[in-house]
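Hi,

Here is the model I promised you; could you have a look when you get a minute? My notes are underneath.

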Amino acid sequence: TKPGDLLLSEMQVIPNGDWCPIFKFYGNNSMRLFSKIGFSRVFGSNLESEYGVILVPLEINYGGRVFVAVTIERFADIRNLKKKFFISNYCLKYSKENFKRIRELDGAFEVTNQRWTGDGSVNFQVAKRLMVE
């Protein structure tokens, strides 16, 4: 990008510490199917698994806490019957404030406009590329 260019982005965020929209999104049948397809491509379609979603806290370099939403398929290793986990998807989940802060952190972009969905769980952001020395 060059100075003056606009960056348009969208990100599912954790609105006001409410994790329910995150779990609702990942509980959708399409996300479950996506996870099962990935699992089946690696292990075949005969191995049974159970879908799950976890949020893992993560401290990042600017001192803030974000979460990582991780979708998994739990299954039993047929050799020793130990539970194992297949990670089918993962995505950072910022708070509303952290998403703006991280975009502007290195001084390369300035957020010029933001909008949220009605429940506040998806952020649409316009950022302008600045001159960087």
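The largest nonpolar core has 9 residues: I14, I22, Y26, M31, Y51, V53, L55, F67 and A69. Three elements, α1 (20–26), β2 (50–59) and β3 (65–76), each put at least two residues into this core, and β2 gives the most, with 3 residues. Bear in mind that this is a predicted model.

If you want one residue to click on in that core, try I22. Leaving aside residues up to four places away in sequence, I22 touches Q12, V13, I14, L55, A69 and K93. Another core lies apart from the largest one; this other core has 7 residues, including V13, I60, Y62 and V66.

Next, α2, which covers residues 29–43. I checked its length: at 1.5 Å a residue, its 15 residues should span 21 Å, and the end C-alpha atoms are indeed 21 Å apart, so the two agree. Which residues of α2 are buried? They are M31, S35 and F39. Seen down the axis of α2, these buried residues fall within an arc of 70 degrees, so they line one face of the helix. That fits the usual picture: an α-helix has 3.6 residues a turn, so residues three or four places apart point the same way. The buried residues of α2 pack against α1, β2, β3 and β4 (83–93), and M31 is also a member of the largest core. On the other side of α2, N29, S30, L33 and R41 are exposed.

Then there is the sheet. 3 strands form an open, antiparallel sheet in the order β1-β6-β5. At its edges are β1 (6–12) and β5 (109–116), each of which pairs on one side only. On average, neighbouring strands of this sheet are turned by 25 degrees against each other, direction ignored. Between β5 and β6 (residues 122–129), which run antiparallel, there are 7 bridges. For a landmark on that pairing, look for W116, which stands opposite N123 in β6.

Finally, α3 (residues 96–104) lies across β1, β5 and β6. The helix runs at about 155 degrees to β5.

If you open just two views, I'd go for α2 with its buried residues M31, S35 and F39, and then α3 lying across β1, β5 and β6.

Cheers

Key
Residues are numbered from 1 along each chain as its sequence is written. This is a predicted model: local features need pLDDT of at least 70, side-chain atom pairs count only at pLDDT 80 or more; totals for chains, interfaces and linings use all residues. Side-chain values use heavy atoms; hydrogens and water are left out. A nonpolar core is a set of buried Ala, Val, Leu, Ile, Met, Phe, Trp, Tyr and Cys residues joined through side-chain atoms within 4.5 Å. Buried means under 20% relative accessible area, exposed over 50%, partly exposed in between (1.4 Å probe, protein chains only). Helices (H or I, at least four residues) and strands (E, at least two) are DSSP runs, numbered from the N terminus. Contact means heavy atoms within 4.5 Å. Two strands pair if DSSP finds at least two bridges between them. Axes are lines fitted to C-alpha atoms, for helices over the stretch in contact, and angles run from 0 to 180 degrees between N-to-C directions. The expected span of a helix is 1.5 Å times one less than its number of residues. The arc is that of the directions from the helix axis to the C-beta atoms.
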